[in-house]
Amino acid sequence: MEFLVAGVLFVLGAILGSFINVLISRSVEGEDWVRGRSRCDHCRQQIKWYDNLPLLSYMVLGGKCRSCQGKIAIQHPIIELLTGLMLVWWYAIGFTFFRLVETPLLYIQPVFWLAVGILLLIIFVTDWLYQIIPDFANITLGVLAVVYRLYLSLSGVMRWQDFWLALLTGVVMGGLLYLIWVLTRGRGMGLGDVKFALVMGVLLGWPRAAIALFLAFLLGAVVGIILLLLKWKKPRERIAFGPFLILGTALALVWGFEMWSWYWGWLG
Ligand SMILES: [Zn+2]
């Protein structure tokens with residue numbers, strides 16, 4: 001039974017992923033999200049529904065457009081696969097992690113974190129492939145984080161001082177990255193990263209946001225050096241910073257408090 005549910009969730013996730021692909025493509029190209037059918041990037045031919053099935057069509061077509069044989073962007077199957085896996089993972093941890101709280105948080109908490117996961121995935125892939133962090137993703141994530149924390153404070157699950165501390169953390173994180181953006185004249189990162197850091201601060205709060213930022217710089221430096229050594233990137237070539245911010249955020253979400261106490265325990 002549980003495998004059946006996991007299978008259905010994977011398919012639903014892949015379908016959701018193909019909708020996310022449309023969102024990403026159209027926000028990158030500045031087109032209308034809702035209107036118009038999907039078209040091939042190369043020949044602008046409308047894609048038939050049976051060539052637009054998540055994951056399956058990519059495999060059947062061998063990653064090429066049926067009419068012009070142009071390559072279908074790898075973004076499509078990657079996002080569909082990742083959203084599918086994310087829903088399965090979310091279901092699997094739901095049994096141990098989310099069941100600990102009482103109603104109505106029992107329902108609100110898992111839905112909130114699923115939405116956060118999907119938005120983080122969108123930002124990760126868009127910044128990695130197009131070096132853009134879509135404003136719609138940043139704004140939605142920011143509003144969700146504030147509303148969720150507000151709800152936790154109003155219902156007494158979280159202290160009000162933690163709510164204000166989270167907002168302050170966002171301002172400090174955003175301010176810090178803005179400062180770096182100004183000092184490096186935008187070579188180190190984009191304004192999208194600055195806006196995301198603000199949202200990340202509110203989402204994670206203190207001290208997890210600080211850990212996420214530290215991990216992002218550390219991972220970015222390590223991966224940057226590896227890419228240079230392997231000659232996959234030239235010294236002046238820009239590497240998107242957003243994906244590292246997301247990786248730091250994910251790691252800090254899961255292990256943030258452990259890392260924080262380990263760090264201070266190690267110092268003292
Ligand atoms: Zn085509």
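Right after helix 7, Gly205 adopts a positive phi of about 70°. This comes from a predicted model, and the helix that ends there is worth a closer look. Helix 7 covers residues 191-204, and its end C-alpha atoms sit 20 Å apart. At 1.5 Å a residue, 14 residues should span 20 Å, so the length agrees with expectation.

Helix 7 is also mostly covered, with 11 of its 14 residues buried. Going along the helix, the buried set begins with Gly192, Asp193 and Val194, picks up Phe196 and Ala197, and then takes in Val199, Met200, Gly201, Val202, Leu203 and Leu204. An α-helix has 3.6 residues a turn, so residues three or four places apart point the same way.

Two of these buried residues, Phe196 and Met200, turn up again in the largest nonpolar core. That core has 51 residues, and Phe196 and Met200 are listed with Leu141, Leu177 and Leu245 as those with the most contacts inside it. Plenty of helices chip in: helix 1 (2-29), helix 3 (75-94), helix 4 (105-130), helix 5 (135-154), helix 6 (160-183), helix 7, helix 8 (208-229) and helix 9 (242-267) each supply at least two residues. Helix 4 gives the largest share, 11 residues. Because domain 1 (1-88) and domain 2 (97-260) both contribute residues, the core lies between them. As a general matter, nonpolar side chains in soluble globular proteins tend to be buried together.

Back to Phe196 and its surroundings. Neighbours within four places in sequence aside, Phe196 is in contact with Leu120, Ile123, Ile133, Asn138, Leu141, Leu245, Ile246 and Thr249. Of these partners, Leu141 and Leu245 are themselves among the core residues with the most contacts.

Helix 4, the biggest supplier to the core, has 26 residues. From first C-alpha to last it reaches 36 Å, close to the 38 Å expected at 1.5 Å a residue. As with helix 7, a positive phi follows the helix: Gln131, just after helix 4, takes a value of about 55°.

The model also holds a zinc ion, coordinated at 2.3 Å by the SG atoms of Cys40, Cys43, Cys65 and Cys68. The angles among the 4 donor atoms run from 106 to 115°, and the site is tetrahedral. In sequence the donors follow a C-x2-C-x21-C-x2-C spacing. Two of these cysteines fall into separate accessibility classes: Cys65 counts as buried because its relative accessibility is 10%, whereas Cys68, at 31%, counts as partly exposed.

Key
Residues are numbered from 1 along each chain as its sequence is written. This is a predicted model: local features need pLDDT of at least 70, side-chain atom pairs count only at pLDDT 80 or more; totals for chains, interfaces and linings use all residues. Side-chain values use heavy atoms; hydrogens and water are left out. Helices (H or I, at least four residues) and strands (E, at least two) are DSSP runs, numbered from the N terminus. The expected span of a helix is 1.5 Å times one less than its number of residues. Buried means under 20% relative accessible area, exposed over 50%, partly exposed in between (1.4 Å probe, protein chains only). A nonpolar core is a set of buried Ala, Val, Leu, Ile, Met, Phe, Trp, Tyr and Cys residues joined through side-chain atoms within 4.5 Å. Domain bounds come from an automatic or database domain assignment. Contact means heavy atoms within 4.5 Å. Donors are N, O and S atoms within 2.8 Å of the metal (3.2 Å for Na, K and Ca); water is not among the atoms, so sites may look incomplete. Four donors count as tetrahedral if all angles lie between 85 and 135 degrees; four count as square planar and six as octahedral if opposite donors are over 155 degrees apart and all others between 65 and 115; anything else is irregular.
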